[in-house]
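Visitor: I would like to go through this model with you and ask, at each step, what the wording rests on.

Guide: Gladly; let us put the structure in front of us and begin.

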Amino acid sequence: MAAIIIDGKEIAAKKKVEIASEVQKLKEFGVTPGLAVILVGNNHASRTYVTNKEKTCRELGMHSVLIELPEMVTQEELLTKIEELNGDPAIHGILVQLPLPKHIDETRVIESISPLKDVDGFHPINIGRMMTGQDAFLPCTPYGIMVLLEEMGISVAGKHVVVVGRSNIVGKPVGQLFLNQHATVTYCHSKTVDLQYHTSQADILVAAVGVANFINADHVKEGAVVIDVGINRNEAGKLCGDVAFDEVSQKAGYITPVPKGVGPMTITMLMYNTLKSAKNTLRF
Ligand SMILES: NC(=O)C1=CN([C@@H]2O[C@H](COP(=O)(O)OP(=O)(O)OC[C@H]3O[C@@H](n4cnc5c(N)ncnc54)[C@H](OP(=O)(O)O)[C@@H]3O)[C@@H](O)[C@H]2O)C=CC1
Ligand SMILES: Nc1nc(=O)c2c([nH]1)NC[C@@H]1CN(c3ccc(C(=O)N[C@@H](CCC(=O)O)C(=O)O)cc3)C=[N+]21
């Protein structure tokens, strides 16, 4: 049986309508949600995402600022810019596009962003709050995945979730969000012995590896929910995920495609977090 395709683009569009309407309401109170994106250097892939973020901000009636810094910018200059944005009342969200050039300490940069404006959810304060189940800015890709499942009516409690990948931005936090929703979670990574043994037990399998066609039909249990986070280019230069879509979609129960799966949700949840941050300013 062919899998049901989870249409991330359509679900993102639905969420964006809700966000746009909240943005309008907030504007009546004199607050326009504002997002600042900092792009260091001239990485082509990064530029595509950044352009998408700006376009979405405009679509939703939000204020957006793009700060482009040269590849050779010093860490001090970058930290000074972040400090300025931390104090700017028109800016509710700050995103520093990762990865950063090698000479810049990524941890220092992330920790310099005010946790109140950390709409990526990468600051240790937000990560800690997420882990302890408190209100926090949730990281956009993991959060987007949870929203996709919720919108599809796929329950999580008691399910065995296997996450392949343990990065700080995707793998680790997505497992934590599943745990918060009462799943049983297994993490796999490059040192995992017998990956297939683990993945083939998953009710919900999340692939966040960064290798095209890494997960094939033999890795997947019949009827499983397969979430493909990967954004890769194949030999032909075509955008593809970590999952061999054609064969896995014959075996899975549900599957996210690439493009139009998890990616559009990442940007949507970034807008959601920026809106949330702007709303928070009205409470103080
Ligand atoms: N759709 C979206 O919105 C987003 C997509 N992405 C995409 O998701 C993918 C993953 O991104 P990210 O998490 O940042 O990547 P990282 O490179 O930071 O992490 C990759 C993870 O995969 C693991 N891994 C690598 N090789 C193997 C292997 N042979 N077997 C098992 N595990 C392995 C690594 O293990 P170890 O820790 O042991 O090295 C690591 O934990 C990329 O394609 C990226 O472009 C990322 C962010 C958002
Ligand atoms: N601080 C920071 N925060 C991030 O959230 C962040 C980052 N750095 N660095 C890079 C990764 C990657 N990422 C994506 C966002 C949207 C799509 C997306 O919209 N993808 C479309 C296709 C886009 C295309 O055509 O290239 C889709 O999958 O349909 C993909 C990837 C956010 N990231």
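Visitor: Which residues come nearest to ligand 1, among those around it?

Guide: This is a predicted model, and in it ligand 1 has 24 residues around it, of which Ser167, His189, Ser190, Gly210 and Thr266 come nearest. What admits a residue to this group is that its C-beta atom, placed from the backbone, lies within 6 Å of the ligand. Helix α10, residues 262–283, gives the largest share of that shell, namely 3 residues.

Visitor: What makes up the shell around ligand 1 by class?

Guide: The shell around ligand 1 holds 12 polar, 10 nonpolar and 2 charged residues. Glycine counts as polar in this scheme, so Gly210, one of the residues that come nearest to ligand 1, is placed in the polar class.

Visitor: How do you know where ligand 2 lies with respect to domain 1 and domain 2?

Guide: The chain is divided into domain 1, residues 30–115, and domain 2, residues 140–263, and the centres of these domains, taken over C-alpha atoms, are separated by 28 Å. Because both domains give residues to the shell around ligand 2, that ligand lies between them.

Visitor: Which residues are closest to ligand 2, and which elements give two or more residues to its shell?

Guide: The shell around ligand 2 numbers 18 residues, with Tyr49, Leu98, Pro259, Gly263 and Thr266 the closest. The elements that give two or more residues are α2 (44–59), β4 (93–96) and α10, and α10 has the largest share with 4 residues. By class, the shell around ligand 2 divides into 11 nonpolar, 5 polar and 2 charged residues.

Visitor: What makes the bond between Leu98 and Pro99 a cis peptide bond?

Guide: The value to look at is omega, which is about 0 degrees for the bond that joins Leu98 and Pro99; Pro99 itself is placed in the loop between β4 and α4 (106–112). The bond from Val258 to Pro259 is likewise cis, with omega near 0 degrees, and Pro259 is found in the loop between β11 (254–255) and α10.

Visitor: What is noted about the phi of Asp194?

Guide: Asp194 has a positive phi of about 60 degrees although it is not a glycine, and its place is in the loop between β6 and α8 (195–199).

Visitor: How do you know that strands β7 and β8 pair, and how do they run?

Guide: Pairing requires at least two bridges between the strands, and 4 bridges join β7, residues 204–207, to β8, residues 225–228, which run parallel; the requirement is therefore met. Within this pairing, Ile204 stands opposite Val225 in β8.

Visitor: Why are β1 and β6 called edge strands?

Guide: The open sheet has 6 strands in the order β1-β11-β8-β7-β5-β6, with parallel pairing. In that sheet β1 (4–5) and β6 (184–188) each pair on one side only, and they are the edge strands. Helix α7, residues 171–180, lies across β5 (160–164), β6 and β7, and runs at about 170 degrees to β6.

Visitor: What does UniProt list for residues 139–280?

Guide: An unreviewed UniProt entry lists residues 139–280 as "domain: Tetrahydrofolate dehydrogenase/cyclohydrolase NAD(P)-binding". Over those residues the chain is 36% helix and 17% strand, and the end C-alpha atoms are 17 Å apart.

Technical notes: Residues numbered from 1 in each chain as written. Chains lettered and ligands numbered in written order. Predicted model: local features only at pLDDT ≥ 70, side-chain atom pairs only at ≥ 80, totals over all residues. UniProt positions renumbered as here; feature names shortened; annotations may be inferred. Domains from an automatic or database assignment. Contact = placed C-beta atoms within 7 Å. Axes fitted to C-alpha atoms, helices over the stretch in contact; angles between N-to-C directions.
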